[in-house]
Amino acid sequence: MKSTVRWIDGMMMVGESASGHAIVMDGPEDLGGKNLGIRPMEMLLLGMGGCTTVDVVSTLKKMREIVNDCRVEISADRADEHPKVFIKIHLHFIIKGENLNEKKVAKAVSLSADKYCSASIMLGKTATVTHNFTING
């Protein structure tokens, strides 16, 4: 897998993925940015959220659950000192569907957290990662 990040100006960069998609990243004004894009550390959390959401939805579909909507709200704390790694990350899934089985949802979230989501497992090397969920919330 290859990606490219190109510096534009100030703290603004454009990242391009191997699949040809691009995203603008920028820093806050107090660090020389113009606040015109997502922060790189925010990208890590969004990547983790995307990775685990794919796992949860695809696992539930394999379990023959009918999922109409799934979102994950992510909250995170970073260390005060450099390197300011994530030290706590909490993922709260809000899953809507038809007669969703709570045990199956719990299993899908657990499988993503413990086995399938490489982003979550990788970030779990420096952070305490926790998960919970609400059905039809």
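Reader: Which residue in S2 is the bridge partner of Thr-4?

Author: Happy to trace that one, keeping in mind that this is a predicted model. S1 covers 4-9, and S1 and strand S2, residues 12-16, pair in the antiparallel sense over five bridges. In S2, the residue bridged to Thr-4 is Glu-16.

Reader: Which strands are the edge strands of the open sheet S1-S2-S3?

Author: This sheet has three strands in the order S1-S2-S3, with antiparallel pairing. An edge strand here pairs on one side only, and that holds for S1 (4-9) and S3 (22-25). From one strand to the next, the twist averages 20°. The edge strands, then, are S1 and S3.

Reader: How many bridges join S4 to S5?

Author: Let's move to the open sheet with the order S4-S5-S6, where the pairing is mixed. Its edge strands are S4 (66-78) and S6 (128-135). S4 and S5 (residues 86-98) run antiparallel, and the number of bridges joining them is 12.

Reader: The charged end of Arg-78 sits over the ring of which residue?

Author: A good place to look is across the strands: Arg-78 stands opposite Phe-86 in S5. The charged end of Arg-78 is 5.8 Å from the centre of that ring, and a charge counts as over a ring only within 6 Å of the centre and within 35 degrees of the ring normal. The ring belongs to Phe-86.

Reader: What angle does the direction of helix H1 make with that of S5?

Author: Helix H1, residues 40-62, packs on the sheet and touches S4, S5 and S6. Helix H2 (residues 102-116) lies across S5 and S6, running at about 155° to S6. For H1 and S5, the angle is about 35°.

Key: Residues numbered from 1 in each chain as written. Predicted model: local features only at pLDDT ≥ 70, side-chain atom pairs only at ≥ 80, totals over all residues. Heavy atoms only, no water. Pairing = 2+ DSSP bridges. Helix = DSSP H or I, 4+ residues; strand = E, 2+ residues; numbered from the N terminus. Axes fitted to C-alpha atoms, helices over the stretch in contact; angles between N-to-C directions. Contact = heavy atoms within 4.5 Å.
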